[in-house]
Amino acid sequence: MATRITFKVLEELAAKVGQATGMDVGINYNSNYGGYQLTTNNGSTVLKHRGNGKETKAFLAGMHAGLYLAWKTKGA
């Protein structure tokens with residue numbers, strides 16, 4: 001069974017990406033405006049415009065995987 005995509009799950013992924021980049025990556029949700037949004041610089045810079053949970057999780061997982069691969073190839 002798949003894990004439900006909740007705000008907490010997305011917040012944890014955003015924290016991992018933020019830790020890997022050294023940036024303050026934040027996530028917010030508003031159903032009236034279209035779902036989840038990823039920001040940095042205390043919300044002043046949008047990394048990903050509003051989307052549903054599945055899109056946002058895929059975006060964050062891709063960022064995390066890309067950062068991991070860049071780190072692994074840099075060390076090799």
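**Reading G51 and its chain**

Mentor: Let's start with one residue: apart from neighbours within four places in sequence, G51 is in contact (heavy atoms within 4.5 Å) with G34, G35, Y36 and T56. This is a predicted model, in which local features need pLDDT of at least 70, side-chain atom pairs count only at pLDDT 80 or more, and totals for chains, interfaces and linings use all residues. Residues are numbered from 1 along each chain as its sequence is written, and side-chain values use heavy atoms, with hydrogens and water left out.

Trainee: How many Å separate the C-alpha atoms of G51 and G35?

Mentor: They are separated by 5.1 Å, although the two residues are 16 apart along the chain.

Trainee: In which strand is G51 found?

Mentor: Helices (H or I, at least four residues) and strands (E, at least two) are DSSP runs, numbered from the N terminus. G51 lies in strand 3, which covers residues 45–51. The chain has two helices and three strands, in the order α-β-β-β-α from the N terminus on.

Trainee: Is G51 buried or exposed?

Mentor: Buried means under 20% relative accessible area, exposed over 50%, and partly exposed in between (1.4 Å probe, protein chains only). G51 counts as buried because its relative accessibility is 4%. Across the chain, 24% of the 76 residues are buried.

Trainee: And what box do the C-alpha atoms of the chain fill?

Mentor: Taken along the principal axes, that box is roughly 45 × 35 × 15 Å. As for contacts in the chain with a separation of 6 or more, 28% come from residues 24 or more positions apart.
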